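Reader: I am new to this structure and would like to see how its labels are earned. Could you take me through the reasoning?
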Amino acid sequence: MPAADSPRVAEVVRRLRAAGATGEVRELAENARTAALAAAQLGVPVGAIANSLVFDVGGNPLLVLTSGAHRVDTRQVAELLGVPEVRVARADFVREHTGQAIGGVAPVGHPEPIGTLVDVELARHETVWAAAGHPHTVFPTTYDELLRLTDGTPAEVGPGPAETLSPEAVQA
């Protein structure tokens with residue numbers, strides 16, 4: 001079955017349309033499980049890729065949409081949230097709370113709403129690319145639209161600012 005025909009991708013498309021998003025889901029020839037892989041296929045800077053990272057905060061999910069050129073500092077995020085610890089979520093936790101596999105987690109389309117932080121570094125890019133529910137699918141959006149779609153909170157999620165790297169620089 002082509003990735004674009006996945007029920008998870010269909011749910012992402014449905015939610016994007018319902019929210020008035022204008023970007024169309026694109027199926028990539030190869031998987032885009034990393035920002036560098038996605039950027040290389042799209043011909044965009046790695047920083048324009050919105051990594052959807054799920055964290056475990058005391059048993060509750062937290063979605064952090066971070067620039068592909070930026071690293072999340074879990075201590076910094078924990079301080080921001082006023083919690084003792086933020087841990088990278090296990091694959092089964094990610095699937096349970098998003099309905100999607102790591103490498104294809106979209107900002108939307110989850111069974112229940114997930115609290116979301118949106119990396120301010122993404123605002124540097126006119127167009128931002130996010131996963132669409134499968135490791136072979138992405139959609140174009142904007143920083144402001146990501147905030148609206150996810151009811152997210154703008155946040156500095158790591159030491160910054162990050163360098164804006166080209167796909168070629170990351171592959172080198």
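Reader: Why is Arg 148 called partly exposed?

Author: In this predicted model, Arg 148 has a relative accessibility of 47%. Buried would need a value under 20% and exposed one over 50%, so Arg 148, at 47%, counts as partly exposed.

Reader: What makes the contact of Glu 145 with Arg 148 a salt bridge?

Author: The closest N and O atoms of Glu 145 and Arg 148 are 3.5 Å apart. The cut-off is within 4 Å, so the pair qualifies as a salt bridge. Both residues lie in helix H5, three residues apart, which is about one turn of the helix. Glu 145 itself is buried, because its relative accessible area is 12% and the limit is under 20%.

Reader: How do you know that Asp 56 and Arg 87 link distant parts of the chain?

Author: Asp 56 sits in strand S2 and Arg 87 in strand S4 (residues 87-88), with their positions 31 residues apart in the sequence count. Their side chains meet in a salt bridge at 3.1 Å, N to O, and that value is within 4 Å.

Reader: Is Asp 56 buried or exposed?

Author: Asp 56 has a relative accessible area of 7%, and under 20% means buried, so Asp 56 is buried. Its partner Arg 87, at 41%, counts as partly exposed.

Reader: What makes Arg 17 and Glu 24 exposed?

Author: The mark to pass is over 50%. Arg 17 has 57% relative accessibility, so Arg 17 counts as exposed. Glu 24 has 52%, so Glu 24 is exposed too. The side chains of Arg 17 and Glu 24 also meet in a salt bridge, at 3.8 Å from N to O. The structure holds seven salt bridges, and a network of them links Glu 11, Arg 14 and Arg 15.

Reader: Why does Phe 55 count as buried?

Author: Phe 55 has 4% relative accessibility, and the limit is under 20%, so Phe 55 counts as buried. Phe 55 is found in strand S2 (residues 49-57). Leaving out residues up to four places away in sequence, Phe 55 touches, among others, Pro 61, Val 72, Val 88 and Phe 93. Phe 93 is 38 residues from Phe 55 along the chain, with 8.9 Å between their C-alpha atoms.

Reader: What makes a group of residues a nonpolar core?

Author: The members are buried residues of certain nonpolar kinds, joined through side-chain atoms within 4.5 Å. The largest such core here has 24 residues, and those with the most contacts inside it include Leu 16, Val 54 and Leu 146. Helix H5 gives the largest share of this core, four residues. A second, separate core of 12 residues includes Ala 35 and Trp 129. In soluble globular proteins, nonpolar side chains tend to be buried together.

Reader: Which classes of residue line the largest pocket?

Author: Its lining divides into 18 nonpolar, five polar and one charged. The largest share of that lining, seven residues, comes from S2. About 400 Å³ of space lies in this pocket. Among the residues closest to its centre are Arg 33, Asn 51 and Gly 103.

Reader: Where is Asp 151, and why is Asp 151 called exposed?

Author: Asp 151 lies in the loop between helix H5 (143-150) and strand S8 (153-155). Its relative accessibility is 68%, and over 50% means exposed, so Asp 151 counts as exposed. Asp 151 also has a positive phi of about 55°, although it is not a glycine.

Note on methods
Residues are numbered from 1 along each chain as its sequence is written. This is a predicted model: local features need pLDDT of at least 70, side-chain atom pairs count only at pLDDT 80 or more; totals for chains, interfaces and linings use all residues. Side-chain values use heavy atoms; hydrogens and water are left out. Helices (H or I, at least four residues) and strands (E, at least two) are DSSP runs, numbered from the N terminus. Buried means under 20% relative accessible area, exposed over 50%, partly exposed in between (1.4 Å probe, protein chains only). Contact means heavy atoms within 4.5 Å. On a 1 Å grid over the protein atoms alone, a cavity is a set of points where a 1.4 Å probe fits but cannot get out, and a pocket is an open set with protein on both sides within 12 Å along at least five of seven lines; lining residues have an atom within 4 Å of a point. Grid points are joined across faces, edges and corners, and a volume is the space filled by probe spheres set on the points. Ala, Val, Leu, Ile, Met, Phe, Trp, Tyr, Cys and Pro count as nonpolar, Asp, Glu, Lys and Arg as charged, and the others, Gly among them, as polar.
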